[in-house]
Amino acid sequence: MNDVHHFDAIIIGTGQAGPALAKRLADAQLSVAIIERHLFGGTCVNTGCIPTKAMVASAYAAHVVKRAGEYGIRIGAEPSIDFHALMARTSAISKRSRKGVETMLRKLPKCVVYQGHARFTSAHDVVVNDDVLRADRIFINVGGRAVVALPGIESVAYLTNSSMMALDVVPPHLVIVGGGYVGLEFGQMFRRFGSKVTIIEMAARLVHREDEDVSASIQAILANEHIDIRLNARCIGVAPHADGAAVTLDCSDGAPTVHGSHLLVAVGRRPNTDDLGLDVAAVDRDDRGYIVVNDGLETSAPGIWALGDCNGKGAFTHTAYNDFEIVAANLLDGESRRVSDRIPAYALYIDPPLGRTGMSEAEAVRNGYSVLVGSRPMSRVDRAVEKGETNGLMKIVVDANSEAILGATVLGTGGDEVIHCVLDAMSAKAPYPVLKRTMHIHPTVSEVIPTLLSELKPSRLARH
């Protein structure tokens, strides 16, 4: 039997939570082993936030250049996309971040980096290659991957959010199955790169977790850029075609088959928990494969925690990092922080971006609140008009009885940043009159939020 290497803590995975936790533990003079089987930095650094938002930035630049005449700028010939240069820029940004994570970990005192696939052999033992690691505290941070489950998918070449990063050409016709966040971001950016784009969604509307008016506005934004959107798609299947792939679907209207040069499958994510030996460690998973955790992110096995996308408590970089903050505060700072205390917040990085926090209007009504709503189209926001970016809307939802801010949506220019002034007020548990009286800088999008709170009206949804 190989020698056993003893540590105070073992961390499996170097996504958003793992490296930060390794540093906190090492700074506390605890010995740490951290394991990475592929690329340092996880999804965000390699195939998620960082590279895709670099591509979104390129798509935005292309869009603004094409509209230059609207701003009184004459640029001459029609601009063209240098896709190789675009992807080289994206790759360089991602690589720099990945190298930064790896370098930090390898230079971290009291931390040993292992590369390879980790498997539990007991609740305290993990095997990596030929090494046996043992610790009383083990933290699982293994992330997730794209779900690929369509009839006939094995017969065609297809792309996921990960393999999109390896494209070396702009697809002539990109067909996307899935009208959620990943599908919409890639759809708009590649339309702006020059692809014909078709988005196929099973639900009756795009991003159906949002309010209906928000979904409708998102659809209008994309349709205005000549993206073909097929909703209520049933019996979706794929098959080889001379053009690349044929997607069959049963919709209320439109052709029953869509032919595309490239197929992106964006129908959801699943956790990377099926090959860790979790059963041996008595770590429970739910029926979707997510590791079951309590409010402090502890698993069913004492001394084992699960952080990030693999625990089903959030599917974002910021929720993974907050998982680290909760665990570190509870273990090292004597606090008692809970996952249930955090306020949901996320963004959709189409252009204009969607920023969301708390409950939507429909959620608040369903939960029985006496709902007041303030809303305004971005066409009535001075900052948006000045920038020539008037698509979208803003809305804020409050409880008429307690005056608590329940949630907000900003689909518009700067929405991913503007939303934080509401999120911060909610985190401080400030009643809405406090934010209503706050002076904001002019001209900004944020300055409109106090105005919305001065124009609150009962939710129309409550009448249905």
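**Exercise 1. Strand partners**

Which residue in β18 is the bridge partner of Ile138? Determine also how β8 is joined to its partner strands in this predicted model.

*Solution.* Step 1. The bridge partner of Ile138 in β18 is Ile304.

Step 2. This bridge is set within the pairing of β8 with strand β18 (residues 304-306), which is parallel and has three bridges.

Step 3. Strand β2 (residues 9-12) also runs parallel to strand β8 (residues 137-140), and four bridges join the two. Ala9, for its part, has Arg137 in β8 as its bridge partner.

**Exercise 2. An open sheet**

Describe the open sheet that contains β1, and explain why β1 and β5 each have one side without a neighbour in the sheet.

*Solution.* Step 1. The sheet is open, consists of four strands in the order β1-β7-β6-β5, and has mixed pairing.

Step 2. The edges are taken by β1 (4-6) and β5 (118-120); each has a single partner strand, and therefore one side of each lacks a neighbour in the sheet. From one strand to the next, the twist averages 30°.

Step 3. At the β5 edge, the pairing with strand β6 (residues 125-128) is antiparallel and comprises three bridges. Within β6, Val127 stands opposite Arg119.

**Exercise 3. Aromatic pairs**

Classify the ring pair of Phe83 and Phe193, and state which parts of the chain the pair ties together.

*Solution.* Step 1. A pair of aromatic rings is described by the distance of the centres and the angle of the planes. The structure has nine aromatic pairs by the rule applied here.

Step 2. For Phe83 and Phe193, the ring centres are 6.1 Å apart and the planes stand at 65°. Planes over 60 degrees apart count as edge-to-face, so the pair of Phe83 and Phe193 is edge-to-face.

Step 3. Phe83 belongs to helix α4 and Phe193 to helix α5 (residues 181-193), so the pair ties together parts that are 110 residues apart in sequence. Phe83 is buried, at 5% relative accessibility, and Phe193 is likewise buried, with a relative accessible area of 5%.

Step 4. A further edge-to-face pair is formed by Tyr181 and Tyr346, at 5.9 Å centre to centre and with 75° between the planes. Tyr181 is in helix α5 and Tyr346 in strand β19 (residues 345-348), so that distant parts of the chain, 165 residues apart, are linked. Tyr346 counts as buried at 6% relative accessibility.

Step 5. Ring pairs also link Phe83, Phe186, Phe190 and Phe193 into a cluster.

**Exercise 4. Salt bridges**

How many salt bridges does a search of the whole structure find? Examine three of them with regard to their distance and burial.

*Solution.* Step 1. The search finds 21 salt bridges. Side chains of opposite charge can pair when their charged atoms come close.

Step 2. Arg134 and Asp125 form a salt bridge with an N to O distance of 2.5 Å. Arg134 is partly exposed at 31% relative accessibility, whereas Asp125 is buried at 11%.

Step 3. In the salt bridge of Arg192 with Glu225, the closest N and O atoms are 2.8 Å apart. Arg192 lies in helix α5 and Glu225 in the loop between α6 and β12, distant parts of the chain that are 33 residues apart. Arg192 and Glu225 are both buried.

Step 4. Lys395 and Glu361 meet in a salt bridge at 2.7 Å, N to O. Lys395 lies in strand β22 (residues 393-399) and Glu361 in helix α8 (residues 361-366), so the pair ties together parts 34 residues apart in sequence. Lys395 is buried at 3% relative accessibility, and Glu361 is buried with a relative accessible area of 9%. Through shared partners, salt bridges join Asp211, Asp213, Glu361 and Lys395 into one network.

**Exercise 5. Backbone geometry**

Where does Pro352 lie, and which residue does a cis peptide bond join to Pro352? Identify also a residue other than glycine with a positive phi.

*Solution.* Step 1. Most residues other than glycine have a negative phi, and most peptide bonds are trans.

Step 2. Pro352 lies in the loop between β19 and β20 (354-358). Asp351 is joined to Pro352 by a cis peptide bond with omega about 0°. Another cis bond leads from His442 to Pro443, with omega near -5°.

Step 3. His226 has a positive phi, near 65°. His226 is located in the loop between α6 (212-224) and β12 (228-230) and is exposed, with a relative accessible area of 61%.

Definitions and conventions. Residues are numbered from 1 along each chain as its sequence is written. This is a predicted model: local features need pLDDT of at least 70, side-chain atom pairs count only at pLDDT 80 or more; totals for chains, interfaces and linings use all residues. Side-chain values use heavy atoms; hydrogens and water are left out. Two strands pair if DSSP finds at least two bridges between them. Axes are lines fitted to C-alpha atoms, for helices over the stretch in contact, and angles run from 0 to 180 degrees between N-to-C directions. Rings of Phe, Tyr and Trp (its six-membered ring) pair if their centres lie within 6.5 Å; planes under 30 degrees apart count as stacked, over 60 as edge-to-face and the rest as tilted. Buried means under 20% relative accessible area, exposed over 50%, partly exposed in between (1.4 Å probe, protein chains only). A salt bridge is a side-chain nitrogen of Lys or Arg within 4 Å of a carboxyl oxygen of Asp or Glu.
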